Amino acid sequence: MVLPRRRSLIEIKADCFTDRIVLMYKYLVNGNIETIMAKQVYRSGTSIGANITESQNAQSDADFVSKLSIALKEADETLYWLKKLYTGGYLTNKQFYSMEADNIEIIKILTSIIKTKKKNMGII
């Protein structure tokens, strides 16, 4: 019998954020509110969790850092698109600031994990 692996905090946070991104995408597209930026934020926002999940089966420490670095880049891009959706008037203050807070938290956690792993590897 194989026991399920315990999920890390960043995996849980990213998974919840991905769910929110999907719901926001559906809201924007199904309501004919905005489609082009919605697709952009959907791609980058869902990629965060996918890369974090991929990192859990990394072949080496360097591969682990690489996958999380990609997730961090995607999180930065997601924040960019969220800001554009907000300044374009497609998201309310409440919607934007809630999504922004979750996104920034993920960025901070990813940055911390990457720095700690690089330090342990003797890179920094």
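## Val22 and helix α1

Val22 is partly exposed, because its relative accessibility is 27%, which falls between the 20% limit for buried and the 50% limit for exposed. The structure shown here is a predicted model. Val22 belongs to helix α1, which covers residues 9-30.

Apart from neighbours within four places in sequence, Val22 is in contact with Tyr42 and Thr46. Computed along the sequence in the plain sense of counting, Val22 and Ser8 are 14 residues apart. In space, the C-alpha atoms of Val22 and Ser8 lie 21 Å apart.

## Overall make-up

The protein has four helices and zero strands. Read from the N terminus, the order of elements is α-α-α-α. Along the principal axes, the C-alpha atoms fill a box of roughly 45 × 40 × 20 Å.

The protein has 124 residues, of which 37% count as buried. Contacts between residues at least 6 apart in sequence can be sorted by separation: 69% of them join residues at least 24 apart.

## Helices α1 and α2

Helix α1 packs against helix α2 at an angle of about 160 degrees, and the two axes are 9 Å apart. Angles over 145 degrees count as roughly antiparallel, so α1 and α2 are roughly antiparallel to each other. The crossing of α1 past α2 is left-handed.

On the α1 side, the residues that meet α2 include Ile10, Phe17, Ile21, Val22, Tyr25 and Val29. On the α2 side, Ala38, Val41, Tyr42, Thr46, Ile48 and Ile52 are among the residues that meet α1. By class, the residues of this contact divide into 14 nonpolar, four polar and two charged.

## The loop after α1

Asn32 sits in the loop between α1 and α2. Its phi is near 50 degrees, a positive value in a residue other than glycine. Asn32 is exposed, because its relative accessible area of 68% is over the 50% limit.

## Helices α1 and α3

The axes of α1 and α3 come within 14 Å and cross at roughly 35 degrees. This crossing, like that of α1 past α2, is described by its hand: α1 and α3 cross in a left-handed way.

Four residues of α1, namely Phe17, Ile21, Met24 and Leu28, meet Thr78, Leu82 and Leu85 of α3. The contact of α1 with α3 has six nonpolar residues, one polar residue and no charged residues. Phe17, Ile21, Met24 and Leu28 are also listed among the α1 residues that meet α2.

## Asn51 in helix α2

Asn51 is placed in helix α2, which covers residues 36-55. Its relative accessible area is 9%, and because buried means under 20%, Asn51 counts as buried. Not counting residues up to four places away in sequence, Asn51 touches Lys67, Ile70, Ala71 and Glu74. Those four partners have numbers within the range of helix α3, residues 61-87.

## Helix α3 and its ends

Helix α3 has 27 residues, and at 1.5 Å a residue these should span 39 Å. The C-alpha atoms at the two ends of α3 are 39 Å apart, which agrees with the expected span. Just after α3, Gly89 takes a positive phi of about 85 degrees.

Asp61 is found in α3. With a relative accessible area of 40%, Asp61 is partly exposed. Leaving aside neighbours within four places in sequence, Asp61 is in contact with Lys117 and Met121. Asp61 and Met37 are 24 residues apart along the chain, and their C-alpha atoms are separated by 34 Å.

## Helices α3 and α4

Helix α4 covers residues 93-121. The axes of α3 and α4 come within 9 Å and cross at roughly 160 degrees. Because this angle is over 145 degrees, α3 and α4 are roughly antiparallel to each other. The crossing of α3 and α4 is left-handed. The residues of the contact of α3 with α4 divide into 19 nonpolar, five polar and six charged.

Key. Residues numbered from 1 in each chain as written. Predicted model: local features only at pLDDT ≥ 70, side-chain atom pairs only at ≥ 80, totals over all residues. Heavy atoms only, no water. Expected span 1.5 Å × (residues − 1). Buried < 20%, exposed > 50% of the residue type's maximum accessible area, 1.4 Å probe, protein only. Contact = heavy atoms within 4.5 Å. Axes fitted to C-alpha atoms, helices over the stretch in contact; angles between N-to-C directions. Parallel < 35°, antiparallel > 145°, perpendicular 65-115°, else oblique. Left-handed = near helix turned anticlockwise from the far one by under 90°. Nonpolar A, V, L, I, M, F, W, Y, C, P; charged D, E, K, R; others polar.
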